[in-house]
Amino acid sequence: MPRFSNPVEFKETPVWMLRTAEDAKQPFLFRITPGNVKTVGRAPRADFVVDAALVSRLHCRLAAGTGEIEATDLKSTNGTYVNGARVDRATLKDGDRLRVGAVELVVVKTVAESTGEPANG
C-alpha cells in the first residue's frame, strides 16, 4: 500500500450565517468566518449590503470569533437590535436575532470542513 508523505488534515472551521426567515419579503444570507470584520448597511461600500427601509448607509459592524460575533452599532439613525433590545454593542450567539432597520437576521453557527486552506471571510 503506498504511503503519502503529506497527508491532508481536515479541520472543522466555524462559519457564521446571518439569514432572514424563509418567508421574508427580501431574503438575505451573509456568511462570515472567525477573524473577519464586516460592515452591514445599504451603501454599496458596506461589506453586507442590505438595501431596505430604515437601514443606514453603514449601520453596524460585525466581528466574528469562533464562539460568538460582536455587533457594534455605527451610530445608525434607527438603531441596531439584538433579540428585540436596542444595543450599542452586543455579543451574538447561535440562534440570536439581529435587526437592522426593518430586516431581521437570524444568527446560525455552522461548521465547514476545511483542508487548512485560508477561507474568504
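**Side-chain interactions in the predicted model**

In this predicted model, the side chain of Asp73 is engaged in a polar contact of 2.5 Å with the side chain of Thr80. A polar contact of 2.6 Å also joins the side chain of Asp73 to that of Ser76. Asp73 belongs to strand 6, which spans residues 69–73. The residue is buried, yet Asp73 takes part in no salt bridge. Its nearest side chain of opposite charge is that of Arg86, at a distance of 5.5 Å, and a salt bridge would require a nitrogen-to-oxygen distance within 4 Å. When neighbours within four places in sequence are set aside, the contacts of Asp73 comprise His59, Cys60, Gly79, Thr80, Val87 and Asp88. Thr80 thus appears both in this contact list and as a polar partner of the Asp73 side chain.

Salt bridges were examined next. A search of the whole structure yields 3 salt bridges. Lys93 and Glu68 form one of them through their side chains, with an N to O distance of 3.8 Å. Lys93 is located in the loop between strand 9 (89–92) and strand 10 (97–100), and Glu68 in the loop between strand 5 (60–64) and strand 6, so this pair ties together parts that are 25 residues apart in sequence. With a relative accessible area of 41%, Lys93 is partly exposed; Glu68, at 32%, is likewise partly exposed.

The side chains of Arg89 and Glu70 also meet in a salt bridge, again with 3.8 Å from N to O. This pair links distant parts of the chain, as Arg89 lies in strand 9 and Glu70 in strand 6, 19 residues apart. Arg89 is exposed, its relative accessible area being 52%, whereas Glu70 counts as partly exposed at 33%. A further salt bridge is formed by Arg97 and Glu104, whose closest N and O atoms are 3.1 Å apart. Arg97 has a relative accessible area of 37% and is therefore partly exposed; Glu104 also counts as partly exposed, at 35% relative accessibility.

Aromatic residues supply another set of side-chain interactions. Across the whole structure, 2 aromatic pairs are found. Phe28 and Phe30 form a stacked pair, with 5.9 Å between the ring centres and an angle of 20° between the planes. Phe28 and Phe30 are both buried. Phe30 also stacks with Phe48, at 4.7 Å centre to centre and with 20° between the planes. The pair of Phe30 and Phe48 connects distant parts of the chain: Phe30 is in strand 2 (residues 29–32) and Phe48 in strand 4 (residues 48–49), 18 residues apart. Both of these residues, Phe30 and Phe48, are buried. Through these ring pairs, Phe28, Phe30 and Phe48 are linked into a cluster. An aromatic ring also faces a charged group at Tyr81, where Arg99 lies over the ring face at 4.1 Å from the ring centre.

Val49 is another residue of strand 4. At 34% relative accessibility it counts as partly exposed, in contrast to the buried Phe48. Apart from neighbours within four places in sequence, Val49 is in contact with Phe28, Phe30, Gly41, Arg42, Ala43 and Pro44; this list includes Phe28 and Phe30, two members of the aromatic cluster. Val49 and His59 are separated by 10 residues in sequence, and their C-alpha atoms lie 9.9 Å apart in space. His59 is also one of the residues in contact with Asp73.

The backbone shows two further features of note. Most residues other than glycine have a negative phi. Leu54, by contrast, has a positive phi near 70°. Leu54 is found in the loop between strand 4 and strand 5 and is exposed, with a relative accessible area of 51%. Asn83 likewise has a positive phi, of about 50°, although it is not a glycine. This residue, Asn83, is placed in the loop between strand 7 (80–82) and strand 8 (85–87). Its relative accessible area of 47% makes Asn83 partly exposed.

Methods:
Residues numbered from 1 in each chain as written. Predicted model: local features only at pLDDT ≥ 70, side-chain atom pairs only at ≥ 80, totals over all residues. Heavy atoms only, no water. Helix = DSSP H or I, 4+ residues; strand = E, 2+ residues; numbered from the N terminus. Buried < 20%, exposed > 50% of the residue type's maximum accessible area, 1.4 Å probe, protein only. Lys, Arg positive; Asp, Glu negative; His and termini not counted. Polar contact = N/O pair within 3.5 Å; in protein donor to acceptor, adjacent residues only side chain to side chain. Contact = heavy atoms within 4.5 Å. Phe/Tyr/Trp six-rings, centres within 6.5 Å; stacked < 30°, edge-to-face > 60°. Lys NZ or Arg CZ within 6 Å of the ring centre and 35° of its normal.
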